[in-house]
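Colleague: I would like a close look at one part of this model, the open sheet and what packs on it. Please then set that part beside the rest of the chain.

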Amino acid sequence: MKGTILIVDDEAMMRLTLTDRLRFWGHETDEAETGAEALEKIKAQHYDVVLLDLKLPDISGIDVLHKLRESGSDTEVVMLTAHGSVEAAIEAIKLGADEFLPKPTDFDLLKKIVERLLAKRSLQRVSAAMVDQSNQERPFVVGEAPAMQELLEQAARAAQAPTTVMLRGESGSGKQVVAEYIHRESPRATGPFVYVNCVALSDELIESTLFGHEKGAFTGAHQRKTGRLEVAHGGTAFLDEIGDITPRLQTKLLHFLETGQFERVGGTQTIRVDCRIVAATNRNLEESIAEGEFREDLFYRLNVITLRVPPLRERADDIPALARSFVDRFSTDMKRGKMKLANKTEEIIRTYRWPGNVRQLKNAMERMVVMARTDTLTPDLLPPEVFLPTGTADTVDEGLGLKEAMAEFKKRHIAKALAREGGNQTKAAQALGIQRTFLNRLIKELEIQA
């Protein structure tokens, strides 16, 4: 496990000795001769570990440590001193020093300390990523259809290189599943997998979510926040709906992809991150480029390897197995015991086109488990749109008056949009070109089962 380490010592020979040893172990190093120089460097650059001498020519190492903790820095600090004392050690530990090491330095002990601190930082990132993932949908990887098998084979090959991957496909088709599969098959599998939904947040929140922010960067920023790209260090960051980010954020993301560096919102410190980017979109980015909505250089930077995730209708063989896995999941979560799909139910769901793809299928299975009175899920529990003949969803009875016909058409059109988006009102409102609050009001007025 390699890191970036700052050596703060006024003795040139000590800095040289530590630099040679740490670089021999594979770490990147930087040096500072005074406390003031150290603080300036830490302000401008992120370090995993700081080796800090207690005695410096301008201010003490204790003062440097105090200023670091006051600023909110979470850098690991190892105090070094040739004048060790119990009092100094206790004060340093109280201020947040992670270790206290006497000089001349025992290199075997130093190596163990540095490795432990870097492992601690890695564990913190993985823990943050696990919390992040626990708040996301946990889809199932079920892919027996030839189209899905071919996709997974391509994904496994792409996973072996650190290359950026672009996943393209319809909303709800399972792009996150494929992204997680790429992560698990890659050399970064032991690192964190971090999910970021680029369409569910405002421009400011997306920037803060991706890159983090410093205390006081904006109203409500009461403390420093680590961005998800930083959390993904050593692993994979999955940027869902990448086509929806604004041109300003596109520029900042492009800079990160080219340099591996960024600054937190409101900060000046350069953060270096090594993570694999998997991006996904259901948009036609070529059209967005032509319309000036998406940067062409960012597109080519993301589009190194492109994988198309087929819609559910192109892998009908997967539908029954997917449905059964969702039924097992929901029946277990709801403590309903073992439940099964009736044979007729499987026939119906296999022939339906599922315009909302896997997300719509999942929601349909959840509804069935909730509404079922027995352990067998019969066709009458399926949502109404499954039984609509193809082409009838947008037609109305010619005998209706104009007002009634318009209301009926509006009701069906909204229901169809909700079905396509798996019941997600935010995405349905975006597809319909209306505000989510207005859609919610229409759902209530027209008595649509959302």
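Modeller: Start with the sheet. It is open, has 5 strands in the order 2-1-3-4-5, and its pairing is parallel. The edges are strand 2 (28-32) and strand 5 (99-102), each pairing on one side only. From one strand to the next the twist averages 20°. Two strands count as paired if DSSP finds at least two bridges between them. Helices (H or I, at least four residues) and strands (E, at least two) are DSSP runs, numbered from the N terminus.

A word on the source. This is a predicted model, in which local features need pLDDT of at least 70, side-chain atom pairs count only at pLDDT 80 or more, and totals for chains, interfaces and linings use all residues. Residues are numbered from 1 along each chain as its sequence is written, and side-chain values use heavy atoms, with hydrogens and water left out.

Now go inside the sheet. Strand 1 (residues 4-8) and strand 3 (residues 49-53) run parallel and are joined by 4 bridges. Across that pairing, Leu-6 stands opposite Val-50 in strand 3. Helix 3 (residues 61-70) packs on the sheet, where it touches strand 3 and strand 4 (76-81). The direction of helix 3 makes about 170° with that of strand 4. Helix 2 (residues 35-44) lies across strand 1, strand 2 and strand 3, and runs at about 140° to strand 2. Contact here means heavy atoms within 4.5 Å. Axes are lines fitted to C-alpha atoms, for helices over the stretch in contact, and angles run from 0 to 180 degrees between N-to-C directions.

Next, another pair of strands. Strand 7 (residues 193-197) and strand 10 (residues 236-240) pair in the parallel sense over 5 bridges. Tyr-195 stands opposite Phe-238 in strand 10. Strand 7 is largely enclosed by the rest of the structure, because 5 of its 5 residues are buried. Buried means under 20% relative accessible area, with a 1.4 Å probe and protein chains only. Both faces of strand 7 are covered. Phe-193, Tyr-195 and Asn-197 are buried on one side, Val-194 and Val-196 on the other.

Then the helix pairs. Helix 8 (residues 203-211) and helix 10 (residues 247-259) have axes that come within 11 Å and cross at roughly 10°. That makes helix 8 roughly parallel to helix 10, a label for angles under 35 degrees. On the helix 8 side the contact uses Asp-203, Ile-206, Glu-207 and Phe-211. They meet Arg-248, Leu-249, Lys-252, Leu-253 and Phe-256 in helix 10. These contact residues divide into 5 nonpolar, no polar and 4 charged. Ala, Val, Leu, Ile, Met, Phe, Trp, Tyr, Cys and Pro count as nonpolar, Asp, Glu, Lys and Arg as charged, and the others, Gly among them, as polar.

Helix 13 (residues 319-333) packs with helix 14 (residues 343-351) at an angle of about 120°, with their axes 9 Å apart. In this contact Ile-319, Pro-320, Ala-323 and Arg-324 of helix 13 meet Glu-346, Ile-349 and Arg-350 of helix 14. The residues of this contact divide into 4 nonpolar, no polar and 3 charged.

Last, the whole chain. It holds 18 helices and 16 strands. Of its 450 residues, 48% are buried. Among contacts between residues at least 6 apart in sequence, 69% join residues at least 24 apart.

Conventions
Parallel < 35°, antiparallel > 145°, perpendicular 65-115°, else oblique. Buried < 20%, exposed > 50% of the residue type's maximum accessible area, 1.4 Å probe, protein only.
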